[in-house]
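User: Could you take a close look at one part of this structure for me? I'd like a connected walk-through that I can follow with the model open, rather than a list.

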Amino acid sequence: MAYVEKPLELSKLKELLQECAVWMYKNGLLKVTISEKCIYDYSSKTITTKDCDIIVLTAYEYKILEFLLERRNKVATFEEISYVLYSDRVNKKSLSSLVYKINKKLSASIIKNVKDIGYIINKDE
């Protein structure tokens with residue numbers, strides 16, 4: 001790893017970010033444990049179970065999961081999640097359905113509902 005000298009050139013920044021990404025990938029930092037049974041890999045966008053099965057999610061399900069994982073232990077409001085999905089048309093019922101499908105595919109209630117506010121994934125899940 002290197003340090004950044006000022007003034008910063010865009011090409012140098014891109015080079016340093018690429019080095020960081022490779023280092024993170026090599027050191028397994030792009031994987032996060034979702035539950036006792038599942039690991040999410042940001043680089044390949046796959047969820048692998050302890051039995052080495054791969055769980056497939058839809059594009060919307062991945063967006064929700066990644067957003068909630070980034071905000072672990074913090075409540076994400078319905079409005080924030082709708083913004084992440086790039087849609088004003090996402091209502092609470094359809095969002096609830098997506099969360100239900102994610103939890104069902106993961107065979108656990110990883111994503112918890114916070115009544116009238118939004119959803120949360122806790123670190124200890």
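Analyst:
**From a loop to the tyrosine cluster**

L29 counts as partly exposed, because its relative accessibility is 47% (buried is under 20% relative accessible area, exposed is over 50%, and partly exposed falls in between, with a 1.4 Å probe and protein chains only). Keep in mind that this is a predicted model, where local features need pLDDT of at least 70 and side-chain atom pairs count only at pLDDT 80 or more, while totals for chains, interfaces and linings use all residues. Residues are numbered from 1 along each chain as its sequence is written, and side-chain values use heavy atoms, leaving out hydrogens and water.

You'll find L29 in the loop that runs from α1 (10-26) to β1 (31-33); helices (H or I, at least four residues) and strands (E, at least two) are DSSP runs, numbered from the N terminus. Right after α1 comes G28, whose phi is positive at about 70°.

Now for the part worth zooming in on. The structure has three aromatic pairs (rings of Phe, Tyr and Trp, the last by its six-membered ring, pair if their centres lie within 6.5 Å; planes under 30 degrees apart are stacked, over 60 edge-to-face, and the rest tilted). One of them is Y40 with Y42: the planes sit at 75° and the ring centres 5.0 Å apart, so this pair is edge-to-face. Y40 itself is buried, at 0% relative accessible area, whereas Y42 is partly exposed at 26%. Y40 also pairs with Y62, and here the geometry is tilted, with 35° between the planes and 6.1 Å from centre to centre. That contact ties together parts 22 residues apart in sequence, because Y40 belongs to strand β2 (residues 38-41) and Y62 to helix α2 (residues 59-70). Y62 is buried too, with a relative accessible area of 12%. Put together, Y40, Y42 and Y62 make one aromatic cluster.

What does the strand that carries Y40 pair with? β2 runs antiparallel to β3, with four bridges between them (strands pair if DSSP finds at least two bridges). Look at C38 and you'll see its bridge partner in β3, T49. The two strands form a hairpin with four residues between them, and K45 in that turn has a positive phi of about 50°.

Follow β3 (residues 46-49) along and the side chains alternate: T46 and T48 point to one face and are not buried, while I47 and T49 point to the other and are buried. β3 also pairs in the antiparallel sense with β4 (residues 54-55), this time over two bridges. I47 has I55 as its bridge partner in β4. Again there's a hairpin with four residues between the strands, and in its turn C52 has a positive phi of about 70°.

Two loop residues further along are worth clicking on for their backbone angles. Past α2, the loop leading to β5 (76-77) holds N73, which has a positive phi of about 70° although it isn't a glycine. N73 is partly exposed, since its relative accessibility is 42%. D116 is in the loop between β6 (111-114) and β7 (118-121), and its phi is near 65°, also a positive value in a residue other than glycine. At 59% relative accessibility, D116 counts as exposed.
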